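Student: I am new to this structure and should be grateful for a close look at a single part, the place where the two chains meet.

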There are 2 protein chains.
Amino acid sequence: MPRTRRIPVPPWRDTPQRLQVLRALAARPGFSSAKLLHARMAADGCEVGLSTVYRALAALVEAGQADVVRDDNGERLFRHRGEEQHQHYLVCRHCGFALALDTDEIETWADRIARESGFADVRHTVELAGVCTECSAGPL
Amino acid sequence: MPRTRRIPVPPWRDTPQRLQVLRALAARPGFSSAKLLHARMAADGCEVGLSTVYRALAALVEAGQADVVRDDNGERLFRHRGEEQHQHYLVCRHCGFALALDTDEIETWADRIARESGFADVRHTVELAGVCTECSAGPL
DNA sequence: CAAGGCTTGGCAATGATTTTCATATCAAAT
DNA sequence: ATTTGATATGAAAATCATTGCCAAGCCTTG
């Protein structure tokens, strides 16, 4: 019983803005930057402050409803997390085509490392990038 | 999403500043931020501009003499790379302490993916980050 | 010595993210 | 319905790591 303790997540009020952010995020297939989401929402006619987008995204991440990674420029990219667990991809450096990978091995490995190291809250990032067959074949 | 890659390396002049940066980096056990290195060098009496520290670190990374990861704040942490090969680490998000990992499994896995996918020039990034035992015990 | 090129370092500029703060909104109590 | 206390919003300002700029310094070669 004493397993349930839900304090960390501060009050949460369902506001139209937060729903908008969630919808915008869910509507995107891959990872998107806050900036991009903000722009896209604006384009769709819903005016939401950039600060609010950031706050909503932070809350979503906190609540485990979104994943976040960093791109090469240190920018944060967010992705809605459905019921599927996180996934890794092999991305084409040239055209952006992404191939979903079977990552059981990696997950198991990462879990073991986390356990054996004694570190807390271990999270991992695995990124594979190459040039897909089409891009390496065709000119351009 | 433009890729960022520049840094002309051709001419490389060994300057005292660059050597200082390299020494400072090599002197640290784990990953360190540019800011920290700069401060530590200053404390050791060698005045080197922050810009120079950044440039030297970029050059070292480019030359494969240093590894770089990102902490939770998007800050870049650098680590000197000795003669050891490509290596992955479990980094403490809080103090930067890094634990070298046995990554045979990952390497094998990545190689297999590269082979099976047909992608060319596949490179990978694996980052594990958590909070080390000391930091999770201490304050915060 | 002179010219040209690589370096340096202080400072301005960037750009993402956060904070501030006055205002708006909600939920429950009155 | 009105008050009240707490939370949310957004525009602008603040932060902060990192990079760009550029005049001045240092080397190397002619």
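Student: Which residue stands opposite B:Ala120 in E6(B)? Please set the answer within a full account of the contact between the chains.

Tutor: The model is a predicted one, and what follows should be read in that light. The residue opposite B:Ala120 in E6(B) is A:Val131. This pair belongs to a longer arrangement: strand E6 of chain A, residues 120-131, is joined to E6(B) by 9 bridges, and the two strands run antiparallel. In general, the strands of a sheet pair through backbone hydrogen bonds, in either a parallel or an antiparallel manner.

From this pairing one may turn to the contact as a whole. Chain A contributes 39 residues to it and chain B contributes 42. The size of an interface is often expressed as the accessible area lost when the parts come together. Between chain B and chain A the buried area is about 3100 Å², and carbon and sulfur atoms give 59% of that area.

Specific interactions between side chains and polar atoms can also be counted. There are 2 salt bridges between chain B and chain A. One of them links the side chains of B:Glu105 and A:Arg112, with an N to O distance of 2.5 Å. Residue pairs in polar contact between chain B and chain A number 4, counting pairs with both residues at pLDDT 80 or more. On the side of chain B that touches chain A, the elements giving two or more residues are strand E4 (89-92), helix H4 (104-117), strand E6 (120-131) and helix H5 (133-137). Of these, E6(B) gives the most, with 12 residues. By character, the residues on this side of chain B comprise 19 nonpolar, 11 polar and 12 charged.

The relation between the chains completes the picture of the contact. Two copies of a chain are related by a rotation about an axis and a shift along that axis. Here a turn of 174° and a shift of 0.1 Å along the axis lay chain B on chain A with an RMSD of 2.7 Å. Of the interface residues of chain B, 93% are also interface residues in chain A, so the copies meet through the same surface.

For comparison, pairing within one chain may be considered. In chain B, 3 strands form an open sheet in the order E1-E3-E2, with antiparallel pairing. Its edge strands are E1 (32-33) and E2 (66-70) of chain B, each of which pairs on one side only. E2(B) is joined by 5 bridges to strand E3 of chain B, residues 76-80, and these strands run antiparallel. There, B:Arg70 stands opposite B:Arg76 in E3(B).

Notes: Residues numbered from 1 in each chain as written. Chains lettered and ligands numbered in written order. Predicted model: local features only at pLDDT ≥ 70, side-chain atom pairs only at ≥ 80, totals over all residues. Heavy atoms only, no water. Contact = heavy atoms within 4.5 Å. Buried area = accessible area lost by both parts, 1.4 Å probe. Salt bridge = Lys/Arg side-chain N within 4 Å of Asp/Glu carboxyl O. Polar contact = N/O pair within 3.5 Å; in protein donor to acceptor, adjacent residues only side chain to side chain. Helix = DSSP H or I, 4+ residues; strand = E, 2+ residues; numbered from the N terminus. Nonpolar A, V, L, I, M, F, W, Y, C, P; charged D, E, K, R; others polar. Pairing = 2+ DSSP bridges. Least-squares fit on C-alpha atoms with pLDDT ≥ 70 in both.
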